[in-house]
Amino acid sequence: MNTLKKLLYIIFGLSISALSVWYLNQQASLKQVLPELWKIPIWSLLLAILFVLMSFVARVVRWRLIATAFTTNPNSVTFSKTLSILSISYLYNNVLFFRVGDIYRAYQANKIFSISFTHAAGSMIYERALDLFVILIYLFLACMYLQVDIIGWFPQWLLLFAIALATTIVWVPGLLLPIANGCLNLLSKTFPLLKNKLSHAQTSLKLFCTLVSSNKLKGILFFHSLLIWFFELLLFFTIAASVQDITHRSSMLLAMPVSSLTTLIPSAPGYIGTFDLAITQTMSHFGNSSLASASVAIAIHFILWTSVTLIGLIFLLKQNAINFLPSKK
């Protein structure tokens with residue numbers, strides 16, 4: 001991506017976030033939201049943070065399982081190292097553009113766990129496919145329970161395509177291998193200088209499909225993915241329960257998956273504006289006041305962003321402190 005494209009991407013993301021914040025402010029004045037946030041009890045905040053931490057631990061365990069399957073040295077994939085890498089990568093993603101945290105994670109996985117960049121990237125794609133698959137399940141169940149016309153909320157073709165793609169990647173990734181190989185072969189003919197690298201990518205892709213073919217591993221990863229998003233759902237309900245003006249708390253069943261899907265939309269780092277607007281609009285749709293809905297949305301976003309970012313900052317400072325310590329001779 002050249003400099004101009006990077007600049008345009010940044011401008012586009014910032015514009016989407018700015019428009020979202022502006023529209024959110026039209027629905028509920030942000031000046032009125034702040035006093036509402038101070039009314040949230042401390043016990044609710046502490047419980048919400050606990051659910052964030054439990055969700056994050058489940059993410060660490062899940063990625064450790066994936067990394068262990070991909071490395072040639074499973075003993076190197078310890079919980080503490082996985083926690084450190086994942087925490088710092090989330091920190092970078094929360095404050096920087098271009099998913100810099102993912103690049104950092106792939107680099108560290110290669111350096112510490114001896115996982116190739118291709119496999120590291122594949123593990124993150126597989127991880128996101130798991131998340132998408134589980135979120136779509138929660139979305140479907142929420143729509144069934146709340147009797148919401150799901151097709152009225154999302155284009156039918158887009159929803160079906162997302163479900164089909166996520167299901168294929170999670171459960172039968174080998175079906176996509178011929179398509180991927182065809183694309184790589186086409187690129188190899190178009191760019192002969194990249195032939196060796198693309199050939200290596202084909203080999204790595206085939207090995208990736210083999211490594212994730214274990215039904216037992218897929219079942220365990222799926223279970224952890226359910227836990228991750230269940231804890232996040234508990235976070236949503238905890239904050240909603242602490243705001244007295246929320247009359248339809250069941251709307252959180254839909255607010256969680258809908259807001260999670262909006263993270264796919266280009267925006268400023270940390271999904272500023274888009275995430276909050278999705279929660280507010282979903283809750284308002286069920287009759288909750290815009291002010292109360294916006295208060296819940298901003299509280300949830302603040303807890304999620306702050307908790308994960310602080311964890312990453314702690315590990316980053318620890319890592320830098322270790323690097324500055326004089327080596328023992």
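## A walk through the helices

Tyr9, Phe97 and Phe98 come together as one aromatic cluster. This is a predicted model, and the cluster is a good place to enter it. In total, the structure holds 10 aromatic pairs. Two of these pairs return below, where helices meet.

Start with helix α1, which spans residues 3-27. Ser20 sits in this helix. Is Ser20 buried or exposed? Its relative accessible area is 8%, and buried means under 20%, so Ser20 is buried. Which residues does Ser20 touch, once its neighbours within four places in sequence are set aside? They are Gly273, Thr274 and Leu277. Helix α13 covers residues 274-285.

Now move to helix α3, residues 42-70. Two of its packings can be followed here. Take α4 as the first partner. Helix α4 runs over residues 79-95. The axes of α3 and α4 come within 9 Å and cross at roughly 115°. Angles of 65 to 115 degrees count as roughly perpendicular, and α3 and α4 are therefore roughly perpendicular to each other. Their crossing is right-handed. On the α3 side, the contact is made by Phe56, Val57, Arg59, Val60, Val61, Trp63 and Arg64. On the α4 side stand Phe79, Thr82, Leu83, Ile85, Leu86, Ser87 and Tyr90. What classes of residue make up this contact? There are 10 nonpolar, two polar and two charged residues.

The next partner of α3 is helix α6, residues 117-146. Here the axes come within 10 Å and cross at roughly 140°. An angle over 145 would count as roughly antiparallel, and one of 65 to 115 as roughly perpendicular. The angle between α3 and α6 fits neither range, so the two helices are oblique to each other. The crossing of α3 and α6 is right-handed. From α3, the residues in contact are Arg59, Arg62, Trp63, Ile66 and Phe70. From α6 come His119, Ser123, Tyr126, Glu127, Leu130 and Asp131. By class, this contact has five nonpolar, two polar and four charged residues.

Trp63 deserves a pause. This residue takes part in the contact of α3 with α4, and in the contact of α3 with α6. Trp63 is also a member of an aromatic pair. How do the rings of Trp63 and Phe113 lie towards each other? Their centres are 6.1 Å apart and their planes are at 55°, so the pair is tilted. Phe113 belongs to the loop between α5 (100-112) and α6, while Trp63 lies in α3, so the pair ties together parts that are 50 residues apart in sequence. Trp63 is buried, and Phe113 is buried too.

Follow α6 onward to another aromatic pair. The rings of Phe133 and Phe222 have centres 5.8 Å apart and planes at 55°, so this pair is tilted. Where in the chain do Phe133 and Phe222 lie? Phe133 is in helix α6, and Phe222 is in helix α11, residues 215-242. The pair thus links distant parts of the chain, 89 residues apart. Both Phe133 and Phe222 are buried.

That pair belongs to a wider contact between α6 and α11. The axes of these helices are 9 Å apart, and the packing angle is about 60°. α6 and α11 are therefore oblique to each other. α6 passes α11 in a right-handed crossing. In α6, the residues that meet α11 are Tyr126, Leu130, Asp131, Phe133, Val134, Ile135, Ile137 and Tyr138. They face Lys218, Leu221, Phe222, Ser225, Leu226, Trp229, Phe230 and Leu233 in α11. This contact divides into 13 nonpolar residues, one polar and two charged. Tyr126, Leu130 and Asp131 of α6 also appear in the contact with α3.

End with two loops. Most residues other than glycine have a negative phi. Which value does phi take at Gln147? Phi of Gln147 is near 55°, a positive value in a residue other than glycine. Gln147 is in the loop between α6 and α7 (150-153). At 74% relative accessibility, Gln147 counts as exposed. Tyr271 also has a positive phi, near 55°. Tyr271 lies in the loop between α12 (252-261) and α13. With a relative accessible area of 23%, Tyr271 is partly exposed.

Notes. Residues numbered from 1 in each chain as written. Predicted model: local features only at pLDDT ≥ 70, side-chain atom pairs only at ≥ 80, totals over all residues. Heavy atoms only, no water. Axes fitted to C-alpha atoms, helices over the stretch in contact; angles between N-to-C directions. Helix = DSSP H or I, 4+ residues; strand = E, 2+ residues; numbered from the N terminus. Parallel < 35°, antiparallel > 145°, perpendicular 65-115°, else oblique. Left-handed = near helix turned anticlockwise from the far one by under 90°. Contact = heavy atoms within 4.5 Å. Nonpolar A, V, L, I, M, F, W, Y, C, P; charged D, E, K, R; others polar. Phe/Tyr/Trp six-rings, centres within 6.5 Å; stacked < 30°, edge-to-face > 60°. Buried < 20%, exposed > 50% of the residue type's maximum accessible area, 1.4 Å probe, protein only.
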